[in-house]
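Colleague: I am new to this structure and would like a close look at one part of it, the charged side chains that pair with one another. Please take me through them slowly, and then place them against the rest of the model.

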Amino acid sequence: MRIGVITFPGSLDDVDAARAVRLAGGEPVVLWHGDHDLEDVDAVVLPGGFSYGDYLRAGAIAARSPLMQDVVAAAKQGLPVLGICNGFQVLCEAGLLPGALTRNSHLHFRNRDQMLVVERADTTWTRDFDEGQRILIPVKNGEGRYVGSDADLDRLEGEGRVVFRYAGGNPNGSSRDIAGVTSENGRVVGLMPHPEHAIEDLTGPSTDGLGFFTSVLKAVVNA
Amino acid sequence: MSRVVVDVVLKPEISDPQGQAVLGALGRLGHDSIRSVRQGKHFVLEVDGTPDRAELEQIAQTLLANPVIEDVELHLTTD
């Protein structure tokens with residue numbers, strides 16, 4: 001199973017994301033933002049970092065890069081896409097996920113191991129979790145406060161599109177403790193915390209992050 | 001040549017912690033009469049010929065601002 005990881009100028013966690021794909025049993029495929037070629041991958045990961053230096057708005061320029069046009073078109077045809085941190089910001093800016101990520105309410109960059117509650121265990125990227133399961137994943141962001149109008153948030157909640165909520169303290173002031181959301185078809189998921197940093201006991205607080213990547217591999221096999 | 005100014009501000013319902021931090025600093029400096037601060041962005045575009053307002057609106061709404069969280073104001077001036 002070929003999982004593409006897109007590198008933008010300023011991406012930081014693309015290598016870790018590729019490593020997570022490999023440890024989960026997939027074949028990582030390096031993709032470059034300036035190309036127009038998804039290389040027939042079965043799914044795509046948008047990694048964390050500071051694409052284009054967060055100029056204009058975090059993720060705004062990357063969302064309009066050449067390869068993202070292909071990602072948007074393919075996602076609308078059902079291609080699974082996971083956006084992590086900056087990748088989540090890119091997905092919101094590209095219109096594949098609702099809402100927006102803004103400056104943390106306390107204005108500090110926050111870097112810590114974060115407990116999350118899995119609210120949806122039936123998306124393409126979370127089927128190896130159980131609904132209500134608590135997972136421990138590092139979070140590290142300065143602009144991770146998820147916002148939207150009350151009406152939009154009500155609609156999201158009503159449609160069951162909140163995939164993760166922060167537990168044990170909200171690290172950035174996100175509305176309703178929302179840490180991650182999904183598309184209507186459950187195939188596009190974005191979250192601020194970093195599952196690719198929780199895949200080995202040696203370097204992470206848990207190995208809970210592997211579940212994202214094993215989930216999509218099963219989904220792709222069964223597709 | 002025309003100059004187009006685009007001001008982008010957070011929607012009123014979106015909290016602005018950066019503006020609040022500026023307000024806090026103003027208070028510490030003794031400027032007690034300042035009631036609130038909202039921080040935004042200011043773009044200056046130089047445009048060949050007569051600006052096309054519809055095109056500029058589209059630029060403002062699709063790139064310069066994120067309409068989920070921000071409002072825009074266009075100001076057209078011709079030299």
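Modeller: A salt bridge, as the term is used here, is a side-chain nitrogen of Lys or Arg within 4 Å of a carboxyl oxygen of Asp or Glu. The model is a predicted one, and a search through the whole of it, over all chains, finds 20 such salt bridges.

A good place to begin is inside a single helix, where A:R155 and A:D152 form a salt bridge whose closest N and O atoms are 3.9 Å apart, a distance that counts because the cut-off is 4 Å. Both residues belong to helix α4 of chain A (residues 150–158), and they stand three residues apart, which is about one turn of the helix. With a relative accessible area of 38%, A:R155 is partly exposed, and A:D152, at 35%, is partly exposed as well.

Other pairs reach across the sequence. The side chains of A:D13 and A:K140 come together in a salt bridge with an N to O distance of 3.2 Å. Because A:D13 sits in the loop between β1 and α1 (14–23) of chain A while A:K140 is part of strand β7 (residues 134–141) of chain A, this pair ties together parts that are 127 residues apart in sequence. The two partners fall into separate classes of accessibility: A:D13 has a relative accessibility of 5% and therefore counts as buried, whereas A:K140, with 21%, is partly exposed.

A further pair is made by A:E143 and A:R103, whose side chains meet in a salt bridge at 3.7 Å, N to O. This pair, too, links distant parts of the chain, with A:E143 in the loop between β7 and β8 of chain A and A:R103 in the loop between β5 and β6 (110–118) of chain A, 40 residues apart. A:R103 is partly exposed, with a relative accessible area of 31%.

Charged side chains can also be joined in a larger set, and here A:E119, A:D150, A:D154, A:E157, A:R165 and A:R176 are linked in a network of salt bridges.

The boundary between the chains comes next. Across the interface of chain A and chain B one salt bridge is found, and its partners are B:E70 and A:R57, with 3.8 Å between the closest N and O atoms. Six residue pairs across this interface are in polar contact. On the side of chain A that touches chain B, the elements that give two or more residues are β5 (100–102) and β8 (145–147) of chain A, and by class that side holds four nonpolar, four polar and five charged residues. In total, 13 residues of chain A are in contact with 15 residues of chain B, and the area buried between the two chains is about 1200 Å², with carbon and sulfur atoms giving 61% of this area.

To set these charged pairs in context, it helps to turn to the nonpolar side chains. In soluble globular proteins, nonpolar side chains tend to be buried together. In this model the largest nonpolar core has 65 residues, and those with the most contacts inside it are A:L38, A:L46, A:F164, A:F212 and A:F213. Helix α2 of chain A gives the most to this core, with six residues. A second core, separate from that one, has eleven residues, among them B:V4, B:V6, B:A60 and B:L74.

Helix α2 (residues 66–76) of chain A deserves a moment of its own, since A:L67, A:M68, A:V71, A:V72, A:A74 and A:A75 are buried in it. The elements of chain A that cover these buried residues include β1 (2–7), β2 (27–32), β3 (43–46), β4 (81–84), α3 (86–93) and β11 (188–191). From the side of A:L46, and leaving aside neighbours within four places in sequence, the contacts include A:M68, A:V81, A:I84 and A:L91.

Finally, a word on the backbone around this helix. Just after α2 of chain A, A:G78 takes a positive phi of about 110°. In the loop between β3 and α2 of chain A lies A:Y52, which has a positive phi of about 55° although it is not a glycine. A:L56 is placed in the loop between β3 and α2 of chain A, and its phi, near 70°, is again a positive value in a residue other than glycine.

Definitions and conventions. Residues are numbered from 1 along each chain as its sequence is written. Chains are lettered from A and ligands numbered from 1 in the order in which they are written. This is a predicted model: local features need pLDDT of at least 70, side-chain atom pairs count only at pLDDT 80 or more; totals for chains, interfaces and linings use all residues. Side-chain values use heavy atoms; hydrogens and water are left out. Contact means heavy atoms within 4.5 Å. Buried area is the accessible area (1.4 Å probe) that two parts lose on being put together, summed over both. A polar contact is a pair of N or O atoms within 3.5 Å; within protein, one must be able to donate a hydrogen and the other to accept it, and residues adjacent in sequence count only if both atoms are side-chain atoms. Helices (H or I, at least four residues) and strands (E, at least two) are DSSP runs, numbered from the N terminus. Ala, Val, Leu, Ile, Met, Phe, Trp, Tyr, Cys and Pro count as nonpolar, Asp, Glu, Lys and Arg as charged, and the others, Gly among them, as polar. Buried means under 20% relative accessible area, exposed over 50%, partly exposed in between (1.4 Å probe, protein chains only). A nonpolar core is a set of buried Ala, Val, Leu, Ile, Met, Phe, Trp, Tyr and Cys residues joined through side-chain atoms within 4.5 Å.
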